[in-house]
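The exercises below invite a careful reading of one structure, moving from task to solution in small steps. Please look through the sequence and the model before starting.

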Amino acid sequence: MRLGILGTGKIVQDFLPMVKSIPAIELVGLLSTPRSVARARELQATYRIGTVYTDYAALLADTTIDTVYVALPNSLHYDYAKRALQAGKNVICEKLVYVSGISVNGTNRIGRSPRLSVNRSNYESVFGKLSGNQT
């Protein structure tokens with residue numbers, strides 16, 4: 001799995017130590033807001049992440065990324081997951097947030113995609129098993 005991670009917050013900071021030890025996962029890209037670039041660069045150096053992006057379209061255009069992990073505030077999950085699916089990426093998202101009937105209908109359509117994994121528990125239950133750190 002060649003992973004692009006969206007976000008630099010606490011979830012990402014907790015997530016990275018676990019996945020760095022999984023040989024099947026290559027940390028290819030990290031999306032940051034312009035105000036969090038310094039934190040993103042620190043994470044990049046610590047966890048050997050290929051590229052830091054501040055432009056989501058650029059991350060999605062990176063053909064070396066095959067999977068996107070949405071680790072953003074809940075209100076952003078739907079839009080970012082949808083765009084990744086439309087770009088042909090696999091998507092890992094703990095939950096999609098419905099803020100309107102349009103989001104519900106759109107998720108019904110994109111949710112049938114084999115490229116979408118919505119995990120209602122948390123990343124630790126999936127990636128922890130892969131890393132040997134069962135929680």
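## Exercise 1: Aromatic pairs

In this predicted model, a search of the whole structure finds 2 aromatic pairs.

Task: Work out how the rings of Y56 and Y80 are arranged, and which helices they belong to.

Solution: Begin with the distance, since the ring centres of Y56 and Y80 are 4.7 Å apart. Turn next to the planes, which make an angle of 40° and give a pair that is tilted. Finally, place the residues: Y56 belongs to helix 3 (residues 56-61) and Y80 to helix 4, so the pair ties together parts that are 24 residues apart in sequence.

## Exercise 2: Two helices in contact

Task: Determine how helix 1 and helix 2 run relative to each other, and which residues make the contact.

Solution: The axes of helix 1 (residues 10-19) and helix 2 (residues 37-47) come within 11 Å and cross at roughly 10°. Because angles under 35 degrees count as roughly parallel, helix 1 is roughly parallel to helix 2. On the side of helix 1, the contact is made by V12, Q13, L16 and P17, while helix 2 contributes R39, L43 and Y47. Sorted by class, this contact has 5 nonpolar, 1 polar and 1 charged residues.

## Exercise 3: The largest pocket

Task: Describe the space in the largest pocket and the residues that line it.

Solution: The largest pocket holds about 310 Å³ of space. Its lining has 17 residues, of which G7, T8, T33, L72 and P73 lie nearest the centre. These lining residues divide into 8 nonpolar, 6 polar and 3 charged. Helix 1 and helix 4 (74-86) each supply at least two of them, and helix 1 gives the most, with 3 residues.

Definitions and conventions: Residues numbered from 1 in each chain as written. Predicted model: local features only at pLDDT ≥ 70, side-chain atom pairs only at ≥ 80, totals over all residues. Heavy atoms only, no water. Axes fitted to C-alpha atoms, helices over the stretch in contact; angles between N-to-C directions. Helix = DSSP H or I, 4+ residues; strand = E, 2+ residues; numbered from the N terminus. Parallel < 35°, antiparallel > 145°, perpendicular 65-115°, else oblique. Contact = heavy atoms within 4.5 Å. Nonpolar A, V, L, I, M, F, W, Y, C, P; charged D, E, K, R; others polar. 1 Å grid on protein atoms, 1.4 Å probe; cavity = no way out; pocket = protein on both sides within 12 Å on 5 of 7 lines; lining within 4 Å. Points joined across faces, edges and corners; volume = space filled by probe spheres on them. Phe/Tyr/Trp six-rings, centres within 6.5 Å; stacked < 30°, edge-to-face > 60°.
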